[in-house]
Amino acid sequence: MKINLKSQSEIAMIRKAGMILAECHKELAGNISAGMTTLEIDRWVEAYLAGRQATPEQKGYRGYPFATCASVNDVVCHGFPNDRPLENGDIVTIDIVVNKNGWLADSGWSYRIGKVSEEADMLLTVTQRALEAGIAQAVPGNRVGDISSAIQKVARTAGVGVVKPLIGHGIGRAMHEPPDVPNFGRAHTGPLLREGMVITIEPIFTFGDTGAVLWDDDGWTIRSADGSLGAHYEHTLAITKDGPLVLTTV
Ligand code: MF3
Ligand code: CO
């Protein structure tokens, strides 16, 4: 499928969605704490977006029932918000796709609840570093494989696993557009990065060094196969002649 290049005014529209999303995550970062439930967070996010004339694109997407994905501990991705209070030491990823005037931005962050174990802290730090390493490769003339291999290298060096079935993607008016942006691969391979492409980069790592995962019976919730923790960081960004322009940061 053809990769859809965006004009500067289209990128500005995605930026509007991204700014709302970034501010929403900033609020979460400052407030998320033990005792809250992920269902409360989900409702808060939906109301936050409604207050800014924006909507959560996940809700109803292929039948997904919530405004956010909320993935706690061994849930690595696409967890359902629920009514279990978060506990000190948990990690939770809140993943949100904002629709503002028909344009989308996608960003997920793993949060620490209270004081987490040293290894949990390391996993989150490493996954966030991999996102940054991937973003640094998102320049015109590079290829998607340069992003992928930079991410994989960070995982390998840290001795953590890449969850291979879950990948970044193009984004615009649709949540998932070409190209795929895997979290593993070889440098100098794959589609050429060109000015005007808008993509997500979203490493998802687990402790098990294979990164193997299993789906729950709900058809959505993805857990690490070995029960170890999972972490996920995601930004939406544009490829510009001046370098990567992150659209989901304040
Ligand atoms: N942020 C996720 C992604 O990267 C959202 C897909 S999950 C769904 O694509 F709930 F929206 F389906
Ligand atoms: Co995404």
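**A buried histidine, a cobalt site and two small sheets**

His25 is buried, with a relative accessible area of just 4%. In this predicted model, the residue sits in helix α1, which spans residues 8-31. Leaving aside residues up to four places away in sequence, His25 touches Ile94, Ile96, Ser107, Gly108, Trp109 and Tyr111. The cut-off for calling a residue buried is a relative accessible area under 20%, so at 4% His25 qualifies.

Next comes the metal. The cobalt ion (ligand 2) gets its protein donors from Asp106 (OD), His169 (NE2), Glu202 (OE) and Glu234 (OE), and these lie 2.0 to 2.2 Å from the ion. Read along the chain, the donors follow the spacing D-x62-H-x32-E-x31-E. One pair in this set, His169 and Glu234, links distant parts of the chain, the two residues being 65 residues apart. His169 belongs to strand β7 (residues 168-170), while Glu234 comes from the loop between β13 (230-232) and β14 (235-240). As for exposure, His169 is buried at a relative accessible area of 4%, and Glu234 is buried too, at 0%. With buried meaning under 20%, the 0% of Glu234 is why this loop residue gets the label.

Ligand 1 has 14 residues around it, and the closest are Gln58, Asp95, Asp106, His176 and Glu202. Two of the polar contacts involve nitrogen on the ligand side. A nitrogen atom of ligand 1 is 2.7 Å from an N or O atom in the side chain of Asp95, and a nitrogen atom of the ligand is 2.9 Å from an N or O atom in the side chain of Asp106. On the oxygen side, an oxygen atom of ligand 1 is 3.2 Å from an N or O atom in the side chain of His169. Some names turn up at both ligands: Asp106 and Glu202 are listed among the residues closest to ligand 1 and also among the donors of the cobalt ion. His169 has a part in both as well, as a cobalt donor through NE2 and through the side-chain contact with the oxygen of ligand 1.

Now for the sheets. Strands of a sheet pair through backbone hydrogen bonds, either parallel or antiparallel. An open sheet of 3 strands runs in the order β3-β12-β11, with antiparallel pairing. The edges are taken by β3 (75-77) and β11 (213-215), each of which has a single partner strand, so one side of each is left without a neighbour in the sheet. On average, neighbouring strands here are turned by 45 degrees against each other, ignoring direction. Zooming in on one pairing, β11 and β12 (residues 222-224) are joined in the antiparallel sense over 3 bridges, and Trp215 has Ile222 in β12 as its bridge partner. Leu214 is also found in strand β11. Beyond residues up to four places away in sequence, Leu214 touches Thr221, Ile222, Arg223 and Ala225. Leu214 and Asp226, for their part, are 12 residues apart in sequence and 9.2 Å apart in space, going from C-alpha to C-alpha.

A further open sheet of 3 strands has the order β6-β10-β13, and the pairing is again antiparallel. Here the edge strands are β6 (161-162) and β13, each pairing on one side only. Strand β10 (residues 204-206) pairs with β13 in the antiparallel sense over 3 bridges, and Ile204 finds its bridge partner in His232 of β13. This β13 is also one end of the loop that holds the cobalt donor Glu234.

A few backbone oddities round things off. The peptide bond from Pro178 to Pro179 is cis, with omega near 0 degrees, and Pro179 lies in strand β8 (residues 177-181). Gln53 has a phi near 50 degrees, which is a positive value in a residue other than glycine. This glutamine is found in the loop between α2 (38-50) and β1 (55-56), and is exposed, with a relative accessible area of 59%. Arg62 also shows a positive phi near 50 degrees, again in a residue other than glycine. Arg62 is placed in the loop between β1 and β2 (69-72) and is exposed, at a relative accessible area of 70%. Exposed means over 50%, so Arg62 at 70% falls in that class.

Conventions: Residues are numbered from 1 along each chain as its sequence is written. Chains are lettered from A and ligands numbered from 1 in the order in which they are written. This is a predicted model: local features need pLDDT of at least 70, side-chain atom pairs count only at pLDDT 80 or more; totals for chains, interfaces and linings use all residues. Side-chain values use heavy atoms; hydrogens and water are left out. Two strands pair if DSSP finds at least two bridges between them. Helices (H or I, at least four residues) and strands (E, at least two) are DSSP runs, numbered from the N terminus. Axes are lines fitted to C-alpha atoms, for helices over the stretch in contact, and angles run from 0 to 180 degrees between N-to-C directions. Donors are N, O and S atoms within 2.8 Å of the metal (3.2 Å for Na, K and Ca); water is not among the atoms, so sites may look incomplete. Buried means under 20% relative accessible area, exposed over 50%, partly exposed in between (1.4 Å probe, protein chains only). Contact means heavy atoms within 4.5 Å. A residue is near a molecule or strand if one of its heavy atoms lies within 4 Å of it. A polar contact is a pair of N or O atoms within 3.5 Å; within protein, one must be able to donate a hydrogen and the other to accept it, and residues adjacent in sequence count only if both atoms are side-chain atoms.
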